[in-house]
Structure formats: C-alpha cells, structure tokens
Amino acid sequence: MNEAQTACSPFNEDHQSFRQTCRRFVSEKITPRIDEWEANKGYDRSIFPEMGAMGLLGIPYPEEYGGSELDFWYSVVWMEELARCGAAGFPMSTMVHSYMASPPIERFGTQELKDRFMPQIVAGEKITALAISEPGAGSDVAGIRTTAVRDGDHYIVNGSKTFITNGTEADLLTLAVKTDPSQTHSGVSALVFETDTPGFSIGRKLEKLGCHSSDTAELAFDNCRVPVKNLLGKEGEGFYIIMDNFQQERLVGAISAVAGAELIFAKTLEYARSRKAFGKPIGHFQVQRHRFAEIATRIEAARQMAYHATRVFVSGQNAVREISMAKLFCCETGTWVADQCVQTYGGWGYMEEYPAARALRDTRLLTIGGGTSEIMREILSRMVFDGKEYLLPEEGSSTPDTSGPTVSEIFGSLPKRFRSEKAGDLQEVFRFDISGSGGGTWTVQVKEGEMHVREGAHEDPGCSVQTDVDTYVAVETGQIKPQDAFMAGRITVDNIPAMMALSGSLSRLS
Ligand SMILES: Cc1cc2nc3c(=O)[nH]c(=O)nc-3n(C[C@H](O)[C@H](O)[C@H](O)COP(=O)(O)OP(=O)(O)OC[C@H]3O[C@@H](n4cnc5c(N)ncnc54)[C@H](O)[C@@H]3O)c2cc1C
C-alpha cells in the first residue's frame, strides 16, 4: 500500500495487526494443505477446531458464545487473508459456516438454541451448512418444495436439497422448508436441522468444475422429525430470514471475489516479469502492460465498491442497492480477471501446475452462487427503473389503496391492538420514520407488558423503521405483504428480530 492508500484505508492499526495474525495462520496452517484438499475434493475437518481455537470463527459473535464480537472490518480482513491460501473452495466453506449458515441461528434462534449450538459453531466443533437450493428451485427461493408438516411438538421434514456447500461435513443445517405449501413467500420457514436425525442422508457428493477444496452435496430428508423449538423466527418468516441473510452473504461474495482477483493478478505479474519471449520478459510488451493497467484499475474499482457497500452495511442502513451492485461488479470482475490472467500465462495458463487455471475454474462460480448476476441485475433494475413506485402487491391489485386509515390513526390503534401475551419478553423502543404527506416520526415503546406510543423521536431506539406513507398504510391494511415491501426496498428495518416480535404481538387492524 502507498501512503495515500494507507491514509484512506478503512482499517486501523488493530485491524492491521489482526491481519498479520490471519496471514500467519493462513500461510502456516492452510496454504501448505490446500493442494491436497483440492486433490481430495474436500478439506480435512480438523482445520475447523484449529480456526476456532484462534478465534477466527467467532469474529462477529458475542463473547458469551466464545466469539470476540469485533466490528465487521475484522471479518473483511479475515476474508481477504483467507483468499491468499491459493484456492477459492476452502475459503467458501469457511465463509458459509461463519457468515451464511450460522448467522440466522444467532439472530433468529431461541436463547436455548443459541446456548446449545453457538459455542460449538464458534469453536469449530460443529460445521454448519445453509440448505436452501433444491433440484427445482435455486434463484426462486419461494419455489422450494421441501415440506415441514407439524406433528405435535415436531415437524416432519420431507424433500431434498442440492448444491449444498459443506453438505457432506455439516453437523447442522440452516434449512429452508415449506410449512405452508399453498403459499409462496409466506409459506417458507427456517429450521435448525441436526444431520444425525434419522431419515437424513447425503444423496451424492457432486463433481464440480472448480472450488474442489470445498465439498458440495445433495441432501435427502425422509420423514425426519425436527423439534418445533428448532424453528428460527416464527412459522412463515423464513423468506425474510433468508433475504436478510443474503445481504451479508452477497457482501462476503463481493469481498472474497476482489481478494481472489488480487492474488491471481499478483502471481501473473510475477510470471510476466520472468517469462521471456522474443528476447524480453513478456511484461515488457505494451499489450500486456496495458492489460495490467486495465486489471489493476478494475480491481481497485471493485475493491472500493465492496468497501463502500461494507460501510453502508455496517452503518445499519438498507444496503440492498450497494450490496447488489458490489456482488454484481466484483464477481464479474473476478471472473474477468482470472480469464485475462490465463491469457498472460499463455499455454501454461491452461496447465494445472500454474495457478491461473485453478483461478479460472474457481472464479466461474462467482456470478452464479449466492444470487446470480441476472438476479442482481433484476433487483437493481427494479430500483433504478421502477424507482419508488415499485411494489410487489398481492396478486390482482396494481396500486395500493390508500383511502383507508391515516398513519396517525394507525399509530393511535397500536396500544389497543397490542397483545402482551404474544409479546413474550419483548422490551424495546421502536422509531418509525414515515416519509411523505401525512407521515412523521413515532416512538413505540414496549416495556413490562405494555405499549406506549408517542409522536416524535423520544428514547434511543433499539429498532428503527423507515418507510413511506403509502407503503406503511398498505402493509397495515393487508394490501401488501410486509415481506414483499421489505424485498422491494420500501421498508428498511435495522433490527428484524425485534420488528418481527412487534408484528407478532399486534392483532389485525379492523
Ligand atoms: C458450487 C456451488 C455451491 C453452492 N452452495 C450453495 C449452498 O451452500 N446453499 C444453497 O442453498 N445453494 C447453494 N448453491 C446454489 C446457488 O445458490 C444456485 O445455483 C443459484 O442461486 C442459482 O440457482 P439455480 O442453479 O437453480 O439456477 P436457476 O435459478 O435455475 O437459474 C438458471 C439461469 O436462469 C437465470 N434466471 C433465473 N431467474 C431469473 C430471472 N428472474 N431473471 C433473469 N434470469 C433468471 C439465472 O440467472 C441463471 O442464469 C451453490 C451452487 C454452486 C454451483
């Protein structure tokens, strides 16, 4: 890094010294084993407790579970350093464990579930996987068909999943199921699933184009009994939970893509300095030099986009736009850079003994996994082209009917609709900022089984909600499903578990 880069870096001295710890761990414990794991088509699971013992699996998690609860930039450092191991497969497995499969357990699980599983997850004693995709549904999450049918205090799970990272190693799955197959989004629920449950089997370990140091599997569920207490959030809230989780998953994808691009580019520059043709190093040919300038520029643009998305994400604001852009741009840059590097290596770029071939195979996944480039463009085009008018209304209705109650009347109705018996141990201050004519700011406090509503900003909120008048009225009057408004970026909530608890404690507006 030059002086200007250091001055503008988002990392402070503590982050940088953590970087040295990560770098040492990766170079001593992972890089020497990565070729073997690539050849074996999977990692040796003993590395997980080793990472756990170093505190590398608990960076974002609370100390009570053995984590260090550090800011997200420490996680960025870890992702960037892990990418230096020289393959994308094993880092993907680690990221799935810490940043994709286990966060919903920590955010939406009951205290009992968290106390039971989080310490083992953070210690690397239990490996986790995120099981959403199915043979017939990947991008279309609401189209999943694995069912969970209530039977007393258990669900009976039947169905199958495919493409599941860590599928052959996982002890725990964060599993998307349909608890109401007659519904689309609102029929989806999320469960914690223990893979020693009778009826569970690993269908097939899948052969892949790349990312060989990570296992990918098909999973089958045949009348598996899962305790109802393993539910994450409430029944029907699985789609929210998955969408909420996707933001971090996509950000991790973007950051990892840039780090991988940087590594293969550095190796390519080294090669171009030593490989000679026509009596001089190939890096001295102008066409190669200009390629390097282009690669460096695009990597820098991607890095800044990923860092910007990270800043918005850590600020707690709605980062759907920035993260979707970063996922799209960084991942497309990652595959492009690998392709360019193969070209500079020439014939050796096509050979397994040089790193460019692996980079090309590994990076091809970037624009597919965790939401394809087409889906990112779809999300962004809705925001860019459809703008604020975009809504996902109930089938059959085109624009929301706002002739119903006013925002002020709805807030006035809240204390009467509050059901303390449904609120559980909820104690929270909510701040609603409703933009547009007839909107305003309201503070809703739930304390000791009672609800107090006041206009204006009062106590510091533990949950902030931003939306506009039309959306708020349409959601409250049942014209739009809250999850659709949330997905469309029309409602921003920074503490989804609290918001879900609040919604669950209110009777319908009559
Ligand atoms: C190596 C690997 C690891 C994975 N790990 C996991 C994991 O751990 N857990 C998990 O749940 N899943 C995992 N996946 C699945 C991955 O998330 C899906 O492959 C991805 O979401 C795409 O879904 P699909 O493969 O079913 O493609 P489809 O959804 O069938 O899409 C096929 C094509 O159609 C396009 N398309 C689909 N819908 C639209 C639309 N509305 N507009 C325009 N184009 C569209 C897609 O962009 C794509 O080009 C993994 C996949 C791979 C390859």
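Between which domains does the shell around the ligand lie? Domain 2 (128–236) and domain 3 (240–385) both contribute residues to that shell, so it lies between them. The model is predicted: local features need pLDDT of at least 70, side-chain atom pairs count only at pLDDT 80 or more, and totals for chains, interfaces and linings use all residues. Residues are numbered from 1 along each chain as its sequence is written.

The domain assignment of the protein chain also gives domain 1 (12–123) and domain 4 (407–504). Such bounds come from an automatic or database domain assignment. The centres of domain 2 and domain 3, taken over C-alpha atoms, are separated by 30 Å. Their contact takes 10 residues from domain 2 and 9 residues from domain 3; two residues are in contact if their C-beta atoms, placed from the backbone, lie within 7 Å. On the side of domain 2 that touches domain 3, 7 residues are nonpolar, 3 are polar and none is charged. Here Ala, Val, Leu, Ile, Met, Phe, Trp, Tyr, Cys and Pro count as nonpolar, Asp, Glu, Lys and Arg as charged, and the others, Gly among them, as polar.

The ligand has 22 residues around it. A residue is near a molecule if its C-beta atom, placed from the backbone, lies within 6 Å of it. Ile-132, Gly-138, Ser-139, Thr-372 and Glu-374 come nearest. The shell divides into 11 nonpolar, 8 polar and 3 charged residues. At least two shell residues each come from β1 (128–131), β3 and α12 (373–384). Helices (H or I, at least four residues) and strands (E, at least two) are DSSP runs, numbered from the N terminus.

β3 (residues 154–165) also pairs with β2 (residues 147–151), in the antiparallel sense, over 5 bridges. Strands pair if DSSP finds at least two bridges between them. Asp-151 has His-154 in β3 as its bridge partner. The two strands form a hairpin with 2 residues between them. In the turn, Gly-152 has a positive phi of about 65 degrees.

A second pairing involves β11 (residues 428–435) and β14 (residues 463–468), in the parallel sense, over 6 bridges. Ser-435 stands opposite Asp-468 in β14. β11 and β14 belong to an open sheet of 5 strands with mixed pairing, ordered β13-β12-β11-β14-β15. The edge strands, β13 (450–455) and β15 (492–493), each pair on one side only.
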